Amino acid sequence: MNYLKYLVEEIHTTVAATVDDTGLPVTAAIDMMDYDEDGLYFLTAKGKGFYDRLKKRGTLALTGMKGTDAMHCVALSIRGKVRELGGERLPRLFEKNPYMNEIYPDVASRSALTVFVIYEGSGEWFDLSRNPIERASFTFGGAEEVQEGYFVSDACIGCKLCYSKCPQKCIDISGKPVVIQQQNCLHCGNCYEICPARAIVKRG
């Protein structure tokens, strides 16, 4: 699945987080306006605090959701490095997102706008509408993939207590060590807490 495409075309509006000068997180609603093999594109005005935080930190985290309620929605989260591109890509973003013409109707009003790209990052897809739930991790722009979640080591004694506590029953107990099916795991940590052999490790 092309997760960047889905984020731009199906979700579009995201809640993005940056960090201020005191180290506290600040969120803002930001539209993801375009994508390609190089990353995700969005714009902002140079007079905004959001712009200042992007320039100072060079990183961004965001989440977008689509669905009618908690049990019928998907969520996409991304974090990565950002770089300012300037105004060269503005015409394309306005062409792909014509509603922007109502907000900034002429060339003069667009003079403060600038485009950013999230050019290297990682993300997670989370779908609660499926049973069991579905999750997937991905990277783009050459970012190194980091495993996150719970994994079973060779210290497993095959007691199967982890399976009894797993709300998704997503642990294959047919062998030893047992195997957590990462694509269905909630990352709740129940298996980690109950394991008598401390064979389950948390990564990420």
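This report walks through a predicted model of one protein chain.

## The chain as a whole

The chain has 204 residues, and 38% of them count as buried. Its secondary structure comes to six helices and twelve strands. Measured out along the principal axes, the C-alpha atoms fill a box of roughly 70 × 35 × 30 Å.

The surface can be described too. About 11,200 Å² of the chain is exposed, and carbon and sulfur atoms supply 51% of that area. Contacts also reach across the sequence. Take the contacts between residues at least 6 apart: 61% of them join residues at least 24 apart.

## Helix H1

Helix H1 covers residues 3-11. Its buried residues are Tyr3, Leu4, Tyr6, Leu7, Val8 and Ile11. At the start of H1, Asn2 comes into play: one of its side-chain oxygens reaches to within 3.3 Å of the backbone nitrogen of Leu4. After H1 comes His12, which has a positive phi, near 70 degrees.

## Helix H2

Helix H2 spans residues 49-57. Four residues are buried here: Phe50, Tyr51, Arg53 and Leu54. They lie on the same side of H2, because they cover an arc of only 165 degrees around the axis. A general rule of helix geometry is useful here. An α-helix has 3.6 residues a turn, so residues three or four places apart point the same way.

What covers the buried residues of H2? The cover includes strands S1 (13-19), S2 (25-31) and S4 (39-45). It also includes strands S5 (59-67), S6 (73-86) and S7 (113-127). Gly58 follows H2, and its phi is positive, near 70 degrees.

## Strands S1, S5 and S6

Strands S1 and S5 pair in the antiparallel sense, over three bridges. One bridge partner pair is Ala17 with Ala61, the latter in S5.

S5 also runs antiparallel to S6, and nine bridges join these two strands. Lys66 has Val74, in S6, as a bridge partner. S5 and S6 form a hairpin, with five residues between them.

## A closer look at Thr18

Thr18 is found in strand S1. Is Thr18 buried or exposed? Its relative accessible area is 5%, so Thr18 is buried.

The side chain of Thr18 makes a polar contact with the side chain of Arg53, at 2.6 Å. Arg53 is one of the buried residues of H2. Leaving aside residues up to four places away in sequence, Thr18 touches Leu24, Pro25, Val26, Phe50, Arg53, Leu54, Thr59 and Leu60. Among these, Phe50, Arg53 and Leu54 are buried residues of H2.

## Cysteines without disulfides

How many disulfides does the structure hold? The count is zero. A disulfide is a covalent bond between the sulfur atoms of two cysteines. In this model, a pair of cysteine sulfur atoms must lie within 2.5 Å to count as one.

Why is Cys170 not bonded to Cys166? The closest cysteine sulfur to that of Cys170 is in Cys166, and it is 3.7 Å away, so it is too far for a bond. Cys185 is in no disulfide either. The nearest cysteine sulfur to Cys185 is that of Cys170, at 4.9 Å.

Both Cys170 and Cys185 are buried. The relative accessible area of Cys170 is 2%. For Cys185, the relative accessibility is 7%.

Key. Residues numbered from 1 in each chain as written. Predicted model: local features only at pLDDT ≥ 70, side-chain atom pairs only at ≥ 80, totals over all residues. Heavy atoms only, no water. Buried < 20%, exposed > 50% of the residue type's maximum accessible area, 1.4 Å probe, protein only. Arc of directions from axis to C-beta. Contact = heavy atoms within 4.5 Å. Pairing = 2+ DSSP bridges. Polar contact = N/O pair within 3.5 Å; in protein donor to acceptor, adjacent residues only side chain to side chain. Areas by Shrake-Rupley, 256 points an atom, 1.4 Å probe, with all protein chains shown as cover.
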